[in-house]
Amino acid sequence: MFKIIQRINQHKTELVVIIVLVVEFVFPHYTLAEISQENSIMLPNLVISSTGVQQGQAAMTKANETISLISPTKDYEVIATYEVPVTAYSSTVDQTDSTPCITANGFNLCEHNQEDILAANFLPLGAKVRIPEYFGDRIFTVQDRMNARYHYRADIWMKDRTAALAWGLRYVKIEVIK
């Protein structure tokens with residue numbers, strides 16, 4: 001028994017670090033609610049504290065900028081799941097029609113310039129979908145249609161033609177959300 005206590009005493013720092021890591025992974029309690037592109041929770045000058053914030057929440061500060069940390073919440077409900085072939089397209093005449101920036105419902109892709117638009121014939125215009133395997137929590141909106149021969153397929157709009165071609169054809173699970 002004395003040898004065990006002696007060994008624990010010699011390695012107490014390592015044991016404390018291991019225990020803290022295990023507790024943090026088993027009982028996670030904070031997620032990022034809002035963060036801009038240039039901020040990262042991995043930067044050494046970020047401080048997480050709970051002072052001045054409601055119970056159950058914390059705040060992260062960086063150079064006098066506060067970013068709220070709250071418990072995770074889902075603000076959507078998955079109403080249908082499909083596994084479909086998904087391709088990608090960009091606003092070029094050879095991939096669309098004579099008005100490559102205008103979708104089937106009149107939405108201007110080039111002005112919007114965000115990669116959150118989906119073309120699909122089997123979903124209604126305006127439907128909201130997620131592709132969690134590739135895009136996490138990004139929400140896409142069905143704003144366009146495809147050629148009639150592609151009834152059960154989706155097409156993601158991308159800013160860059162090279163990126164669209166690199167995507168190729170992938171069979172993915174999409175979630176229709178409400």
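Biologist: Let's start with Arg130: is it buried or exposed?

Modeller: Arg130 is buried, because its relative accessible area is 7%. Keep in mind that this is a predicted model.

Biologist: How should I read a charged side chain like that, and which residue does Arg130 meet in strand E10?

Modeller: The general idea first: side chains of opposite charge can pair when their charged atoms come close. Here, Arg130 and Glu175 meet through their side chains in a salt bridge, at 2.5 Å from N to O. That pair ties together distant parts of the chain, with Arg130 in strand E7 and Glu175 in strand E10, 45 residues apart. Glu175 counts as buried because its relative accessible area is 11%.

Biologist: How many salt bridges does a search of the whole structure find?

Modeller: The search gives 2. Asp137 also forms one with Arg130, and their closest N and O atoms are 2.8 Å apart. Asp137 has a relative accessibility of 55%, so it counts as exposed. Through shared partners, Arg130, Asp137 and Glu175 are joined into one network.

Biologist: Now the nonpolar core. Which residues touch the most other members of the largest one?

Modeller: When you read a core, look for buried nonpolar residues joined through their side chains. The largest core here has 21 residues, and Leu123 and Ile156 touch the most other members. Elements that each supply at least two residues of this core include strand E5, strand E9 and helix H5. There's also a second, separate core of 6 residues, with Leu109 and Met146 among them.

Biologist: What does Ile156 contact, beyond its neighbours within four places in sequence?

Modeller: Its contacts include Val86, Thr87, Phe135, Phe140 and Trp167.

Biologist: Thr87 caught my eye. Where is it, and is it buried or exposed?

Modeller: Thr87 is in strand E5. It counts as buried because its relative accessibility is 15%, and the cut-off for buried is under 20%. Its side chain makes a polar contact of 2.7 Å with the side chain of Asp155. Leaving out residues up to four places away in sequence, Thr87 also touches Met146, Arg153 and Leu169, among others.

Biologist: And on the surface, which residues form a nonpolar patch?

Modeller: Met1, Ile4, Ile5, Ile8, Leu15, Ile19 and Val23 do, with about 690 Å² of accessible area together. Helix H1 and helix H2 each supply at least two of the patch residues. Take Ile8 as an example: it sits in helix H1, and it is partly exposed because its relative accessible area is 45%.

Notes: Residues are numbered from 1 along each chain as its sequence is written. This is a predicted model: local features need pLDDT of at least 70, side-chain atom pairs count only at pLDDT 80 or more; totals for chains, interfaces and linings use all residues. Side-chain values use heavy atoms; hydrogens and water are left out. Patches are made of residues with over 30% relative accessible area and no salt bridge: like charges are joined within 9 Å, nonpolar side chains (Val, Leu, Ile, Met, Phe, Trp, Tyr) within 5 Å. Accessible areas come from the Shrake-Rupley method with a 1.4 Å probe; for residues, only the protein chains shown count as cover. A salt bridge is a side-chain nitrogen of Lys or Arg within 4 Å of a carboxyl oxygen of Asp or Glu. Helices (H or I, at least four residues) and strands (E, at least two) are DSSP runs, numbered from the N terminus. Buried means under 20% relative accessible area, exposed over 50%, partly exposed in between (1.4 Å probe, protein chains only). A nonpolar core is a set of buried Ala, Val, Leu, Ile, Met, Phe, Trp, Tyr and Cys residues joined through side-chain atoms within 4.5 Å. Contact means heavy atoms within 4.5 Å. A polar contact is a pair of N or O atoms within 3.5 Å; within protein, one must be able to donate a hydrogen and the other to accept it, and residues adjacent in sequence count only if both atoms are side-chain atoms.
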